[in-house]
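Here is a friendly walk through one protein model. Take a look at the sequence and the structure, then read on.

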Amino acid sequence: MAATLSGRHVEIAWPDLGITVTAELDARNAVPAEALWEALPYQSLQGHALVAGSHLYHVAPMPSLLHLPATTRFDRREAPDGTRPAAVGRQS
């Protein structure tokens, strides 16, 4: 596992389903992860790429995230489940 960003965890919740999970931010993409952390909490609609297997996605309400450098990239067709979490809240 990659180094963590100061033990930062994001809480992802689906209130209507009564489900909440926690994901840990790691240092693979520190710049976008920091921008995401600073934008929390937020709400977004979640989508499912029906033709891409078990991948879920959402649009983060932060246009600047599109222009930040990423050091680690994933091919969604090959990335293991859970490698691209969405976030709607944060925990310290």
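In which strand does I19 lie? I19 lies in strand β2. A strand here is a DSSP run of E with at least two residues, a helix is a run of H or I with at least four, and both are numbered from the N terminus.

Before going further, a word on what you're looking at. This is a predicted model, where local features need pLDDT of at least 70 and side-chain atom pairs count only at pLDDT 80 or more, while totals for chains, interfaces and linings use all residues. Residues are numbered from 1 along each chain as its sequence is written, and side-chain values use heavy atoms, with hydrogens and water left out.

**The overall layout**

The protein has one helix and five strands. Going along the sequence, they come in the pattern β-β-α-β-β-β. Of its 92 residues, 27% count as buried, meaning under 20% relative accessible area with a 1.4 Å probe and protein chains only; exposed is over 50%, and partly exposed is in between. About 6500 Å² of the protein is exposed, and carbon and sulfur atoms supply 56% of that; these areas come from the Shrake-Rupley method with a 1.4 Å probe.

How does the chain meet itself? Take the contacts (heavy atoms within 4.5 Å) between residues at least 6 apart in sequence: 53% of them join residues at least 24 apart.

**The inside**

The largest nonpolar core has 12 residues: V10, I12, A23, L25, A33, A35, L36, W37, L40, Y42, A60 and M62. Such a core is a set of buried Ala, Val, Leu, Ile, Met, Phe, Trp, Tyr and Cys residues joined through side-chain atoms within 4.5 Å. At least two residues come from each of β1 (4-14), β2 (19-26) and α1 (30-39). The biggest giver is α1, with four residues.

**Charged pairs**

How many salt bridges are there? The count comes to two, where a salt bridge is a side-chain nitrogen of Lys or Arg within 4 Å of a carboxyl oxygen of Asp or Glu.

| Salt bridge | Closest N to O |
|---|---|
| E34 and R8 | 2.5 Å |
| D26 and R28 | 2.6 Å |

Let's start with the pair of E34 and R8. E34 sits in helix α1 and R8 in strand β1, so their bridge ties together parts that are 26 residues apart in sequence. R8 is buried, at 19% relative accessibility, whereas E34 is partly exposed at 32%. Leaving aside neighbours within four places in sequence, R8 is in contact with A23, E24, L25, E34 and W37. Among those partners, A23, L25 and W37 also belong to the core listed above.

The other pair has a buried member too: D26 has a relative accessibility of 11% and counts as buried. Its partner R28 is partly exposed, with a relative accessible area of 34%.

**Out on the surface**

Back to I19, where we began. I19 is partly exposed, at 39% relative accessible area. Together with L17 and V21, I19 makes a nonpolar surface patch of about 260 Å². For such a patch, residues need over 30% relative accessible area and no salt bridge, and the nonpolar side chains (Val, Leu, Ile, Met, Phe, Trp, Tyr) are joined within 5 Å.

One last stop is A13, which lies in strand β1. A13 is partly exposed, at 26% relative accessibility. Its C-alpha atom is separated by 9.5 Å from that of Q43, a residue 30 places away along the chain.

Notes: Patches are made of residues with over 30% relative accessible area and no salt bridge: like charges are joined within 9 Å, nonpolar side chains (Val, Leu, Ile, Met, Phe, Trp, Tyr) within 5 Å.
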